[in-house]
Amino acid sequence: MSEASEAIWIGYTTRYREGGAKFERAAITLAADKQRQFPGLTVRCECVESKAEFVAAMRRLADDGLALRELHLIVHSGMYGPMFGSVAWPEQFSPHEWRTMQLPFGTGGSAFFHACRSARWFAPFFARSFGVPAHGYHWYTTVSAAPDRFRWDRLVGPTAPLYIFGMAGRKSHGVPGSVRKYLGLSRPEPLQRFEPAPVEGDASYDAVAALYDRVFADIRVRGDEWRWLDARVPAGARVLDVGCGNGALLDLLSPRIASGVGVDASAGMIARARERAAGRSNLRFAVIDGPQLPLPDASVDVVISLLSFRYLDWDPIMREFARVLAPGGRLLVVDMVAAPLGLRELPRLLRDKGRQLAQRVRHRRYHGELARMVGDRRWQDMLRYNPIRAIHELRWYFQSRFPGGSVETLNLGWHARVLAFDTGPFERGRVTPQSFP
């Protein structure tokens, strides 16, 4: 392939969070550097504020007969990849959407994600999905007036070149990290490169289905989560449990609901659920692959996602929820998110830990099985490919789609917490507009 038919594409966002003007300057700086480095290549630098704009930019490259030698994105990022739109209406490609996308990479093409935490999950996923090397940062990124060390951008003029790289700072290393950064004592993190290697081990729950089933044979061991859900599922309801795991939740609800359908991507989990529900005529379970639900329109009253929403393809599955929920139906989500503990939350943490300690005494078998599961290498392998999300990702998503709903904190941990969200009566209009597909 000749250089004349290859391109370097650099995309950036300006609206999602603070720093958009700096992202634009960093993108322009990178484009100028690439044009000097590769004078025979087409270098395009474009602002993309939505998923649809990114897809359109890729389509224009293909329509112009250009193949990607390098794709660069200078953006804010969640755990599952680049964020578009704004905090008021965030957009993020789901894993399903990435896997079904056509990107015009040429032979020897590669991708670079100049974004916070992009090396932790997204860059390896992207490399596997598109068969090209992908690069990212483990730490949060910072904008600098110098390419090889941190220099505060306020020390230079408004049109001076800016650079973006990963570096330890306040968000990752607290106040000491911030001090070291501004004193110039921290070194920039080099971009980490990931080859399109296959998944090591089993990324699904299949390998840990037996372990999980022993831990959560009775879902009431998750007392806070069970009480919150139990209070919101009316008698006689038709219930859909998305990410149902071993079926323990529907099994417990079965005597007082009209029907229950459990779906999960793990065939191993569904096998366990079917065994458990062998005597429950009002329950059925199915394996799903992708964000399509095997249910007719308006056929359920309550959709539940217990500790599984972080794994779902958010926008695609939300459209399916709107389709299968009957008028007045609701979505109940309980999930764990990553979040550092604030000083003001310490009294609440101590209360939660005390309550959990009492629960530990009542459920000694549960905590022993839990310790065995989390210490098992198969569980650790699965978590590498299925990380939890940051708290702001879930909060901003639900608060934008369902402004009348409320996010509650059920319990706190040192580095994570469990949140619960009740959409209230679900309206189809609340899941639009979507820019893609």
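Helix H5 gives the most residues to the lining of the second largest pocket, with 7. In this predicted model, the pocket holds about 1,400 Å³ of space. Its lining is made up of 44 residues, and those closest to the centre are Cys116, Tyr140, Arg170, Lys171 and Ser172. Alongside helix H5 (170-182), the elements that give two or more residues to this lining are helix H1 (20-37), strand E10 (141-144), strand E18 (389-390) and helix H14 (391-401). By class, the lining of the second largest pocket divides into 22 nonpolar, 12 polar and 10 charged residues.

Helix H5 also contains a proline, Pro176. Is Pro176 buried or exposed? With a relative accessible area of 56%, Pro176 is exposed, because the cut-off for that class is over 50%. Pro176 can also be placed relative to Phe165: the two residues are 11 apart in sequence, and their C-alpha atoms are 19 Å apart in space.

The cysteines are worth a look next. Cys116, one of the residues closest to the centre of the second largest pocket, is buried, with a relative accessible area of 10%. Cys45, by contrast, is partly exposed, at 30%. How many disulfides does a search of the whole structure find? The search returns 0. For Cys45, the closest cysteine sulfur is that of Cys47, 9.0 Å away, and this is too far for a bond because a disulfide needs the two sulfur atoms within 2.5 Å. The sulfur of Cys116 also has Cys47 as the site of its closest cysteine sulfur, but at 18 Å, so this pair is too far for a bond as well.

Besides its pockets, the structure was searched for enclosed space. A friendly reminder on the approach may help here: rolling a probe the size of a water molecule over the atoms shows where empty space is left. The search of the whole structure finds 1 cavity of 30 Å³ or more. This largest cavity contains about 120 Å³ of space. It is lined by 14 residues, of which Glu91, Gln92, Trp314, Arg389 and Tyr397 are the closest to its centre. Strand E7 (89-91), helix H10 (314-324) and helix H14 are the elements that give two or more residues to the cavity lining. Helix H14 is thus named for the cavity and for the second largest pocket. Sorted by class, the cavity lining has 8 nonpolar, 2 polar and 4 charged residues.

Helix H4 (residues 122-130) is mostly covered, with 7 of its 9 residues buried. Which residues of H4 are buried? They are Phe122, Ala123, Pro124, Phe125, Phe126, Ala127 and Phe130. The cover over these buried residues includes strand E5 (81-82), helix H3 (95-99), strand E8 (105-114), strand E9 (134-136) and strand E12 (192-194). Just after H4, Gly131 takes a positive phi of about 70°.

A helix pair completes the picture. Helix H12 (residues 364-375) packs against helix H13 (residues 377-385) at an angle of about 60°, and their axes are 5 Å apart. On the H12 side, the contact is made by Met373, Val374 and Gly375, while H13 brings Arg377, Trp379 and Gln380. In terms of class, this contact of H12 with H13 has 3 nonpolar, 2 polar and 1 charged residues.

Methods:
Residues numbered from 1 in each chain as written. Predicted model: local features only at pLDDT ≥ 70, side-chain atom pairs only at ≥ 80, totals over all residues. Heavy atoms only, no water. 1 Å grid on protein atoms, 1.4 Å probe; cavity = no way out; pocket = protein on both sides within 12 Å on 5 of 7 lines; lining within 4 Å. Points joined across faces, edges and corners; volume = space filled by probe spheres on them. Helix = DSSP H or I, 4+ residues; strand = E, 2+ residues; numbered from the N terminus. Nonpolar A, V, L, I, M, F, W, Y, C, P; charged D, E, K, R; others polar. Buried < 20%, exposed > 50% of the residue type's maximum accessible area, 1.4 Å probe, protein only. Axes fitted to C-alpha atoms, helices over the stretch in contact; angles between N-to-C directions. Contact = heavy atoms within 4.5 Å.
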